[in-house]
Every structure is written in C-alpha cells, then in structure tokens.
Amino acid sequence: MAQTLIASPQTFSPAYNPLKFIVDSTNKNNTGFRYIFDVYAAGTATKIAEYKPLPTYGTGYGEEDLSKLLQSKVSWDLDTLDTSTFGATNSYYEYDLKIGEEYVYEVAYTSNLTNASGSVQINVTNSFAAGDQVIITQADGGVANPQLEGLHTVIGATGSTFIVNVNWSTITNAAIDGSVSYADKRKTIVRDITELDNYIVFNGAFRWVDWTAYDNLDFKLNDVDKRWLTNQPTIFHCTLGQDIWLNLLNPKGSDRIFFENSNGDIFYKPTSSTDEILQVSIGPNNFGTLVGTGLLIDSSVEWYDVWFNNGTTLPIQDSVKYRIYLDRRASISEHELLFLDRLGSWSSFSFQLRAYERGDVTREVYNRDVVGYINASDEWTYSTEDFGFNTFNTNVIKRMDLNTNWMTQEMATYFEELVTSPQVFIKSVSYACDDDLVPSSSTYQPVIVENNAYEMLNQRNKNLMRHSISVRFANQDNING
C-alpha cells in the first residue's frame, strides 16, 4: 500500500479560508475503502478530530477541508492595559495531520483449492480462525462450484491455509479463482501512512479575490516588503487618543520593534515571546515604554513609522513600515472604535464629529388590585399613592450614531473591516485643551455594529470621504425596582 500527497495548505494559513488536504492511495479501489484523517494538537497524542471520507468520484482522491474544525480552535487576544509586546496565544493553533485508510479485509486466491480430509481447503495467506463466518466469491459466480459460493464457516486455519465446511466431492473445477472476506465485512485499518506535522492556522480571513494569491512567505519578516498580520493601510491617520495592537508572525529571535518620528528620533521596544504570533501595541495612545532619548510624540511631531527588526544593533528594516500620521484636527467630540480586522489585529477609527446617543426602553406592565385599608371611620378607602398599573422587567438598550472626519481612500476602503467585524469596542476621549498631548480615555465597552449596509467610497466619485456608523452597547444597564 502507498499514499501520495496531492495537495495541502501552506504551513502557515488563515483559519477562515479553505484548508484542504488531498491524498491518493493505491488501495482506493478496494471494497469498502475510506481514507482516515486524524487531526492532533501539534506534537501530542491528543486527537481533536477524525474524518473518514469516501474516495472522490472520478479521481478516487481523499479530500478533507479542515477549516471549520480549526476555526473553532482560534479566537483573539486583547489586553487593553498591556502596552508592551506579548504572545497572542489564542490567535493561532498548531496541529498535525496523520492520514491512513480502511477497507474490507479480503484475500484473493488463484487455483488453490485442495482436498483436506474430505473438506475444501483454500491455500492462501490469511488471518481467519476456526469458527469465523466468511463469504467466498468465485470468479465464475459459482457456476462450476455452486456449493462453494457464498456464506461458510471456517473449520480450521493456519496462517497460509484455511478449511471451510464444504465437501470436496462437490468441487468440479479446483482451478477457479476467487476471493474471501469476513461475513461481517470487518475492515483492515491502517493509520498514519502519511504524516504532516507542524502546521499552523491563525485567526485570519482573506477576501475571495485575494485568497488564490496568498503566500505565507509574505508574512515571514526578513525583508522590507514583508507584512504584519493586518490589513491596516501602511499610511494611517490617528488622533492622539487612538490605540492599535497589531499582530505579526514571530521570528523568535533577538528582535525589536522600531519607531522613528518625523524629527528623525529613533526608539524601540524589545520582544521576548516564543509564541508563534506576537501582538505589539503601536498606537499614539498605547505605544508604551520605549528605549530611546526624548519623546516619540511632542507638539512638533507630524508622524512616526513603525517596523520590525530582527537584529539588535542597528534599526535594520525587516518588514514594511507602518506610518501613523497624527491627526490634530479640532473635534466636536471624540469616540474611538477598536475592532478586530480580517487578519486578527486590532486597529481603530476615530469619530470626531457629532455623536448622538439614544436609548430604547422596553418594559412590561400589569394591573393589580388596589388593596386599600379601613380608616378610623370604619370606611374602606385607599392611598392616592397606591399603584394600579405596575412596571416590571425594564430594559434599556443604548445606541450611538458616530461620524468620522474626512479620510483617505485607503482608510475608507479599510473601514469595511470595521463595519463587518464581529468584535468591536468603544471608548470616549477628551483633552484638557486643544494642544494637550495626554488625552484622557474612558474604559472600553463592547458594542455591536448595527449597520446592515454600507457604501464603498471611492475618491473618483467623492473627493471628500467620511463614514457614519451606528453601534449598540453589548451590555445593558441594570434597572432596580
């Protein structure tokens, strides 16, 4: 028996795109044949799933898409208080795949019928034992030896012969070929013929038109064109109150994240995690403690760049640079929406124009009897403060309508990922004065984006582009009674 690997995903792949493994087997035409796909947590004996697909019609290949399974093994990482670098352990999953096969146990014999003390003996290597029920299928369908065709009992066996309860006298042609299987169609099971180890999936999803061009080498940080695990534009505009946490495939060396501002000042933060994916805080409000002289952001700084470096002495560029322009435009109010983008990073948009907060109240009401009381004159009466209709089960759903300032084409395109993101958080930002470099922020609260439609803005149609969005707070305020 032999298997041939026909196709497999790249060793580092997004979990929300197809993860199809395809294999071929020399036994695919055997009776009752199925492939066996055993999926394990990488480097362990912990099996997380087993699949037994039939051979594909036409090719006989075994095909299995593991994307649905592995999507359940990844989620997201976020600690809004962490401004360092840390391993994003929930954002990826490592697995091994072992492929085997099963088929009905069947032995074929050729002109091997002999007389064994008046019973029929078949001379062929086998695993039968006395008492086994077997089915014999002859090449001529039992025309020459009808008594030998069909269900029989093994009355004696060795590793190279077995005897069935058929009289030798009924055999008219001992040269007829045939095959023998167990009556219960028990199968031969062989596991781990093909072993595929150390595969990694991450919490990511590529667009339909982009997936066919996916190359995991684009994310292995060793050159100036290598990407982090984000679709955030390489030129992005942020207010001083915005937070950004971006993921990257961790080379696990003596690595640094470098920052350089528009004044030419260079800073860095070291990395130390051995996890496969690293999360780095790089936003104007959460870049954290940096090694360097001076300030990354002061009143004269217009922008700063962020990139990855796999050395420790010089700011060598081993990834693309992500440039953050500081948006100091006056705002009516400022709210930030932090969201999980399609490749598992956390970026944010600022909403600096008018914001409208609304509340929807639902309540249930019932009418009850006013009990009243007997007064000093022995008359029944009641208090004017008694309730007839009473309220219970009051719920409040709060919503906000937010509006961005004018944005670039790249940011307007990226905004789609906020609208469609399943994980979004909101916070409010305030400044003591217009030129204050230290914004004050509220805590993050989870929200649900309520927009069911959106427009893909294009600069050819609109020179000035901005977006609006409606969100609902994910948690309700408690109402006392």
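Two strands count as paired if DSSP finds at least two bridges between them, and that idea runs through the first views of this predicted model.

**View 1. Strands β19 and β22 run as an antiparallel pair.**
Here we look at strand β19, residues 256-261, beside strand β22, residues 303-309. The two pair in the antiparallel sense over 6 bridges. If you want one spot to look for, take asparagine 261: its bridge partner in β22 is tyrosine 304. As a bit of background, strands of a sheet pair through backbone hydrogen bonds, either parallel or antiparallel.

**View 2. An open sheet of 5 strands has mixed pairing.**
Zoom out a little and the strands line up in the order β17-β23-β22-β19-β20. At the edges sit β17 (235-238) and β20 (266-270), each of which pairs on one side only. Neighbouring strands of this sheet are turned against each other by 25 degrees on average, direction ignored. So where does the mix come from? β17 and β23 pair in the parallel sense over 4 bridges, whereas β22 and β23 pair in the antiparallel sense, also over 4 bridges. You can pick out a pair of residues for each: isoleucine 235 has arginine 323 as its bridge partner in β23, and valine 306 has tyrosine 322 as its partner in β23.**View 3. Strand β23 has two faces.**
Stay with β23, residues 322-326, and follow its side chains as they alternate. Which of them are buried? Tyr322, Ile324 and Leu326 point to one face and are buried, while Arg323 and Tyr325 point to the other face and are not.

**View 4. Helix α3 is largely enclosed by the rest of the structure.**
This helix covers residues 409-419, and 9 of its 11 residues are buried, so the rest of the structure largely encloses it. Among the buried ones are Met411, Tyr414, Phe415 and Leu418. Charged residues are on that list too, including Glu416 and Glu417. What do the buried residues of α3 pack against? Their partners are β17, β24 (334-340), β25 (346-351), β30 (424-430), β32 (445-449) and β33 (468-473). You have already met β17 as an edge strand of the sheet in View 2.

**View 5. Glutamate 102 and lysine 187 form a salt bridge.**
In this pair, the closest N and O atoms are 3.1 Å apart. Glutamate 102 belongs to strand β8 (residues 92-104) and lysine 187 to strand β16 (residues 187-202), so the pair links distant parts of the chain, 85 residues apart. Are the two partners buried or partly exposed? Glutamate 102 counts as buried because its relative accessibility is 6%, under the 20% cut-off. Lysine 187, at a relative accessible area of 32%, is partly exposed.

**View 6. Aspartate 360 and arginine 399 meet in a salt bridge.**
Look for the side chains of these two residues, with 2.2 Å from N to O. This pair also links distant parts of the chain: aspartate 360 is in strand β26 (residues 356-367) and arginine 399 is in strand β29, 39 residues apart. Aspartate 360 has 35% relative accessibility and counts as partly exposed, but arginine 399, at 14%, counts as buried.

**View 7. Lysine 398 and aspartate 477 meet in a salt bridge.**
From N to O, the distance here is 3.0 Å. Lysine 398 lies in strand β29 and aspartate 477 in the segment after β33, so this pair ties together parts that are 79 residues apart in sequence. Lysine 398 is partly exposed, with a relative accessible area of 33%. Aspartate 477 is partly exposed as well, at 43%.

**View 8. Salt bridges that share partners make one network.**
Back to glutamate 102 and lysine 187: which residues are joined with them? The network consists of Asp38, Lys47, Glu50, Lys52, Glu102, Lys187 and Arg191. For the whole model, the count comes to 23 salt bridges.

**View 9. Threonine 46 sits in a loop.**
You'll find threonine 46 between β4 (34-41) and β5 (47-51). With a relative accessible area of 47%, threonine 46 is partly exposed. Leaving aside its neighbours within four places in sequence, what does threonine 46 touch? Its contacts are Val39, Tyr40 and Ala41. Now find tyrosine 95: threonine 46 and tyrosine 95 are 49 residues apart in sequence and 10.0 Å apart in space, C-alpha to C-alpha.

**View 10. Ile374, Trp380 and Tyr382 make a nonpolar surface patch.**
The patch has an area of about 370 Å². One of its members, tyrosine 382, is found in the loop between β28 (380-381) and β29 (389-403). Tyrosine 382 is partly exposed, with a relative accessible area of 46%.

Notes
Residues are numbered from 1 along each chain as its sequence is written. This is a predicted model: local features need pLDDT of at least 70, side-chain atom pairs count only at pLDDT 80 or more; totals for chains, interfaces and linings use all residues. Side-chain values use heavy atoms; hydrogens and water are left out. Patches are made of residues with over 30% relative accessible area and no salt bridge: like charges are joined within 9 Å, nonpolar side chains (Val, Leu, Ile, Met, Phe, Trp, Tyr) within 5 Å. Accessible areas come from the Shrake-Rupley method with a 1.4 Å probe; for residues, only the protein chains shown count as cover. A salt bridge is a side-chain nitrogen of Lys or Arg within 4 Å of a carboxyl oxygen of Asp or Glu. Buried means under 20% relative accessible area, exposed over 50%, partly exposed in between (1.4 Å probe, protein chains only). Axes are lines fitted to C-alpha atoms, for helices over the stretch in contact, and angles run from 0 to 180 degrees between N-to-C directions. Contact means heavy atoms within 4.5 Å.
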